[in-house]
Amino acid sequence: MSSIKEGMQLLVFILAYPFLWIISILPHRLFYGFSDFVFFLVYRVIGYRRTVVQENLKLVFPTKNSKEIYSIEKKFYRHMCDMFLEMVKSMNLTKDQIKRKFKVLNIEVINELEKRRSILVVCSHYANWEWDVSMNNYIEAKGYAVYQKIGNKYFDRFIKRVREKWNTTLITQQQTVKTVIRNQRDGVTGVIGMVSDQSPQAHKAQYWSEFMGVKVPVFNGAETMAGKLGLAVVFLKVSKVKRGHYQAEFIPITENGKNTVENEITETFLRLTEQQIKERPEHYL
């Protein structure tokens with residue numbers, strides 16, 4: 001049975017890969033023209049999760065009127081289509097191209113910290129987190145990105161290969177602590193990137209907090225790891241400058257997780273993420 005499943009996974013990958021490759025080499029105007037077409041299908045024709053998006057926007061922005069909600073909703077879907085296609089674009093982006101498209105404003109924050117200790121860089125599902133890993137082009141330390149494995153092993157290998165172009169080693173959440181401990185034992189400084197705004201199942205949550213005016217279960221694994229292992233923690237704020245172009249800014253949270261009080265790192269991360277969303281809500285997934 002497993003061989004049949006594996007064969008189907010391979011078939012899906014073989015059929016999809018040429019299509020993805022063609023999209024990735026499209027020139028700028030054609031590429032975003034295709035994104036506009038996808039937006040029309042997803043938003044106008046299929047109406048993918050529009051009711052859910054509308055309800056969520058009304059929940060977190062109760063003072064906005066229907067016209068304002070509609071405007072954010074429409075911009076969100078347009079950005080979402082751009083962002084997922086930009087993931088595909090990564091296949092054929094060179095290092096020089098990604099540096100032009102994803103600019104880092106203050107890499108000196110990381111460069112100074114990495115001289116002293118390993119760093120945990122936390123970010124949210126905002127703007128284009130897929131290109132966040134390109135920050136490793138600017139650092140001296142060994143770069144890691146925490147990711148979730150994809151069920152189709154062929155796509156999983158493909159995604160790893162694309163992301164690792166930017167001097168990045170992909171590790172799963174389960175491998176993260178072991179990797180940091182091994183690095184500390186061997187005297188290796190690492191910069192670990194982690195998207196930290198997922199929400200656990202309510203019955204598994206160890207911590208709850210208010211986020212965008214709603215009480216929600218929150219993962220606090222980043223704080224736990226930073227506290228136990230003495231990691232510096234930095235928030236990565238990414239802004240969309242224009243279509244296909246982003247800029248990143250590092251905001252220090254702590255130089256040593258051992259020197260923080262309980263929930264300080266988690267709460268600071270949540271407030272920084274909230275601030276980012278309120279500035280441009282359409283860029284948050």
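# Close-up views of a predicted model

**View 1. Phe-13 and Tyr-17 share a helix.** Because they are 4 residues apart in helix α1 (residues 2-24), Phe-13 and Tyr-17 are separated by about one helical turn. Helices (H or I, at least four residues) and strands (E, at least two) are DSSP runs, numbered from the N terminus. Residues are numbered from 1 along each chain as its sequence is written, and side-chain values use heavy atoms, with hydrogens and water left out. Please keep in mind that this is a predicted model, in which local features need pLDDT of at least 70, side-chain atom pairs count only at pLDDT 80 or more, and totals for chains, interfaces and linings use all residues. Phe-13 counts as buried, at 16% relative accessibility, while Tyr-17 counts as partly exposed, at 29%. Here buried means under 20% relative accessible area, exposed over 50%, and partly exposed in between (1.4 Å probe, protein chains only).

**View 2. Phe-34 and Phe-37 form a tilted ring pair.** The centres of the Phe-34 and Phe-37 rings are 6.4 Å apart and their planes meet at 40°, so the pair is tilted. Rings of Phe, Tyr and Trp (its six-membered ring) pair if their centres lie within 6.5 Å; planes under 30 degrees apart count as stacked, over 60 as edge-to-face and the rest as tilted. Both Phe-34 and Phe-37 belong to helix α2 (residues 28-46), where they sit 3 residues apart, about one turn of the helix. Each of them counts as partly exposed: Phe-34 at 24% relative accessibility and Phe-37 at 45%.

**View 3. Five aromatic residues gather in a cluster.** Ring pairs join Phe-13, Tyr-17, Tyr-154, Phe-155 and Phe-158. By the ring rule, the count comes to 13 aromatic pairs. In one of them, Phe-13 with Tyr-17, the ring centres lie 5.6 Å apart and the planes are at 45°, so this pair is tilted.

**View 4. Charged ends sit over two Phe rings.** Arg-78 places its charged end over the ring of Phe-39, 4.1 Å from the ring centre. Lys-89 does likewise over the ring of Phe-31, at 5.1 Å from the centre. A charge sits over a ring if NZ of Lys or CZ of Arg is within 6 Å of the ring centre and within 35 degrees of the ring normal.

**View 5. Ile-110 and Phe-250 stand out in the largest nonpolar core.** This core has 72 residues, and Ile-110 and Phe-250 touch the most other members. Helix α4 (residues 66-89) is its biggest contributor, giving 8 residues. Apart from this core lies another, of 12 residues, among them Leu-20, Tyr-32, Val-88 and Val-162. A nonpolar core is a set of buried Ala, Val, Leu, Ile, Met, Phe, Trp, Tyr and Cys residues joined through side-chain atoms within 4.5 Å. Leaving out residues up to four places away in sequence, the contacts of Phe-250 (heavy atoms within 4.5 Å) include Val-104, Ile-107, Ile-110, Met-135 and Phe-235.

**View 6. Salt bridges connect distant parts of the chain.** The structure holds 14 salt bridges, each a side-chain nitrogen of Lys or Arg within 4 Å of a carboxyl oxygen of Asp or Glu. Lys-153 and Glu-6 meet through their side chains at 3.0 Å, N to O. This pair links helix α7 (residues 153-163), home of Lys-153, with helix α1, home of Glu-6, across 147 residues. Lys-153 is partly exposed, with a relative accessible area of 29%, and Glu-6 is partly exposed too, at 34%. In another bridge, the closest N and O atoms of Arg-163 and Glu-130 are 2.9 Å apart. Arg-163 lies in helix α7 and Glu-130 in the loop between β2 (119-123) and β3 (142-146), 33 residues apart. Glu-130 counts as buried, at 6% relative accessibility.

**View 7. Glu-267 and Arg-271 pair up within helix α10.** Their salt bridge spans 2.4 Å, N to O. In helix α10 (residues 264-279), Glu-267 and Arg-271 are 4 residues apart, about one turn of the helix. Arg-271 counts as partly exposed, at 32% relative accessibility. Elsewhere, salt bridges that share partners join Asp-36, Arg-78, Asp-82, Lys-240 and Arg-243 into one network.
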